[in-house]
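Here is a set of short exercises to work through with the model on your screen. Try each task yourself before you read its solution.

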Amino acid sequence: MTKTLLAALCVGATLSAWGATDQASPAARGEYIARAGDCIACHTVKGGQPFAGGLPLATPIGMIYSTNITPDATTGIGSYSFEAFEKAVRRGIRKDGATLYPAMPFPSYARITDDDMHALYAYFMTGVKAVNQPNRDVDIPWPLSMRSPLASWRWLFAPDKTGPSPVTTDDPVLQRGAYLVEGLGHCGTCHTPRAISLQEKALTNAEGDEFLSGGAPIEGWIAKDLRGSPVTGLGRWSEQDIVQFLKSGRNEHTAVFGGMSEVVDHSLQHLTDADLTAIARYLKTVPPRAGEATVAGNDDGGVTRKLHDLLPDSLGARVYADSCMACHRSNGAGYAQTFPSLAGNTVLNDHAADSVIKIVLTGYTVPATKTAVTEYTMPGFGWRLADDEVAAVVTFVRQSWGNTGKVVTAEEVASVRKTVAPEDMQAPNMSVHDGAVQKRFSK
């Protein structure tokens with residue numbers, strides 16, 4: 001696709017979020033916008049009716065439950081006028097005037113255009129099946145459950161203007177990418193750290209370099225750095241690498257895991273190539289944080305040769321040789337599009353190792369998508385590896401093949417293990433750790 005054609009597609013998409021299909025009805029365009037905003041992810045319980053709400057969302061102050069946003073007149077939003085709908089989505093104000101909990105990303109959705117809001121309203125009123133399902137009350141202790149202080153939070157931390165934020169570029173592709181990343185796609189909701197008062201530390205790149213620098217654990221998974229660092233971020237990914245990951249959940253560098261799997265499944269794989277390219281191009285303009293390392297390690301310290309010769313010289317190397325090397329290989333390169341490379345994998349260089357620990361404990365299945373039609377599974381090892389063994393192998397992969405991650409302790413592994421259901425770490429017909437690896441390696 002030529003640059004001129006791509007720009008033309010993105011110009012058409014800027015107002016409609018629909019690429020070149022301006023002929024589509026408002027409801028059809030609204031369906032695409034709902035996909036781009038990933039509304040279904042939070043407003044649908046696994047196995048439940050789409051958009052009927054009830055999904056539990058853990059917050060630092062307690063559990064809240066997503067609301068029914070189907071057009072049911074009594075339990076959903078069927079009685080909402082466009083004005084009431086717009087206030088809820090872009091301003092965080094319910095129909096009764098109360099403020100929504102900021103688990104609803106209205107600080108980002110404030111940037112949605114008026115045209116996209118009208119299309120979104122048309123979709124939810126005419127394109128979504130009405131479901132009569134009452135909303136659940138929050139499980140937050142009083143006085144934290146009081147909504148009145150939320151109005152002050154909204155006044156302090158949510159944008160007071162709606163519509164796209166100014167972008168200092170004439171490139172329509174970058175304009176579109178900024179709109180999707182900073183606004184409709186609300187990437188910063190997970191990928192930006194939050195202050196003690198729970199607001200994102202920056203809503204746009206113009207507000208500071210903590211924007212997209214990596215978030216706190218969500219359900220045990222770390223939302224990674226999306227800035228330009230080659231050590232922890234996307235610095236070594238090309239624009240096409242990013243597009244491929246967003247579309248298929250995998251690329252030459254890594255594979256999707258955690259909550260991002262649902263984002264790819266529900267949202268990103270359904271976007272146009274023009275929109276995915278716009279997102280990727282925008283992300284490639286975001287520089288590393290000030291003072292962050294910009295040179296990735298290269299020397300593997302002889303690790304590859306020792307593993308190849310079956311001469312592992314530490315507990316971590318031995319566990320790796322026993323349980324990981326068949327798929328990820330002695331050089332940590334894995335097999336592209338199947339078993340992710342560990343060499344130079346920026347997830348391993350993150351300041352926190354929660355995601356890697358959890359994957360080792362429980363395993364993970366990379367979902368199939370429209371462009372990558374097979375799923376594949378890494379088995380979990382929590383049933384047979386003790387905490388010190390998991391810590392040793394995670395430390396090993398975080399410090400081998402040029403990786404620069406910090407040492408992981410058994411205490412950190414124990415902390416993550418407590419958050420994992422026992423059944424998620426069991427092998428067939430086994431319920432306790434058998435200590436086999438430790439016994440072999442302690443001889």
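Of the 443 residues in this protein, 51% count as buried. Keep in mind that the model is predicted.

**Exercise 1: A first overview**

Task: Find how many helices and strands the protein has, and describe its contacts and its surface.

Solution.
- Step 1. Count the secondary structure: there are 19 helices and 6 strands.
- Step 2. Turn to the contacts with a separation of 6 or more: 64% of them are between residues 24 or more positions apart.
- Step 3. Look at the outside: the accessible surface comes to about 20,600 Å², and 57% of that belongs to carbon and sulfur atoms.

**Exercise 2: The nonpolar cores**

Task: Work out which residues of the largest nonpolar core touch the most other members, and which helix gives the most to this core.

Solution.
- Step 1. Begin with a general idea: in soluble globular proteins, nonpolar side chains tend to be buried together.
- Step 2. The largest nonpolar core has 56 residues, and Phe-85, Phe-124, Ile-279 and Leu-283 touch the most other members.
- Step 3. Trace the helices: H2 (26-37), H4 (82-91), H5 (106-109), H6 (114-126), H8 (172-184), H10 (239-248) and H12 (273-283) each supply at least two residues of this core.
- Step 4. H6 gives the most to this core, with 6 residues.
- Step 5. Zoom in on Ile-279: leaving aside residues up to four places away in sequence, Ile-279 touches Gly-177, Leu-180, Val-181, Leu-246, Leu-268 and Leu-271.
- Step 6. A second, separate core has 32 residues, including Ala-317, Ile-359, Phe-396 and Met-425.

**Exercise 3: One helix and its cover**

Task: List the buried residues of helix H10 and find what covers them.

Solution.
- Step 1. Check each residue of H10 for burial: the buried ones are Asp-241, Ile-242, Val-243, Phe-245, Leu-246 and Ser-248.
- Step 2. Here is a general hint for reading such a list: an α-helix has 3.6 residues a turn, so residues three or four places apart point the same way.
- Step 3. Look at the cover over these buried residues, which includes helix H11 (259-266) and H12.
- Step 4. Step past the end of the helix: H10 is followed by Gly-249, which has a positive phi, near 80°.

**Exercise 4: The second largest pocket**

Task: Describe the volume of the second largest pocket and the residues that line this pocket.

Solution.
- Step 1. The space in the second largest pocket is about 610 Å³.
- Step 2. Its lining has 30 residues, and His-328, Pro-340, Leu-342, Ile-359 and Met-378 lie nearest the centre.
- Step 3. Several elements give two or more residues to this lining, among them helix H14 (315-323), helix H16 (354-362) and helix H17 (387-398).
- Step 4. Strand S6 gives the most, with 4 residues.
- Step 5. Sort the lining by class: 25 residues are nonpolar, 5 are polar and none is charged.

**Exercise 5: Closed spaces**

Task: Find how many cavities of 30 Å³ or more the protein has, and what lines the largest cavity.

Solution.
- Step 1. The count is 2 cavities of 30 Å³ or more.
- Step 2. The largest cavity holds about 70 Å³ of space.
- Step 3. Its lining includes Pro-102, Trp-153, Phe-157, Arg-194 and Glu-200, and by class it has 6 nonpolar, 2 polar and 2 charged residues.
- Step 4. Follow Glu-200, which lies in the loop between helix H9 (188-191) and strand S3 (217-218). Glu-200 counts as buried because its relative accessible area is 11%, and the cut-off is under 20%.
- Step 5. The second largest cavity has a volume of about 60 Å³. H16 gives the most to its lining, with 3 residues, and the classes are 6 nonpolar, 1 polar and 3 charged.

**Exercise 6: Backbone surprises**

Task: Find which residues a cis peptide bond joins, and decide whether His-186 is buried or exposed.

Solution.
- Step 1. The cis peptide bond joins Trp-142 and Pro-143, with omega about 10°. Pro-143 lies in the loop between H6 and helix H7 (148-157).
- Step 2. His-186 is not a glycine, yet its phi is positive, about 40°. This residue lies in the loop between H8 and H9, and His-186 is buried, with a relative accessible area of 15%.
- Step 3. Leu-212, also not a glycine, has a positive phi of about 65°. Leu-212 is buried, with a relative accessible area of 0%.

Terms used. Residues are numbered from 1 along each chain as its sequence is written. Side-chain values use heavy atoms; hydrogens and water are left out. Buried means under 20% relative accessible area, exposed over 50%, partly exposed in between (1.4 Å probe, protein chains only). Contact means heavy atoms within 4.5 Å. Accessible areas come from the Shrake-Rupley method with a 1.4 Å probe; for residues, only the protein chains shown count as cover. On a 1 Å grid over the protein atoms alone, a cavity is a set of points where a 1.4 Å probe fits but cannot get out, and a pocket is an open set with protein on both sides within 12 Å along at least five of seven lines; lining residues have an atom within 4 Å of a point. Grid points are joined across faces, edges and corners, and a volume is the space filled by probe spheres set on the points. Ala, Val, Leu, Ile, Met, Phe, Trp, Tyr, Cys and Pro count as nonpolar, Asp, Glu, Lys and Arg as charged, and the others, Gly among them, as polar. A nonpolar core is a set of buried Ala, Val, Leu, Ile, Met, Phe, Trp, Tyr and Cys residues joined through side-chain atoms within 4.5 Å.
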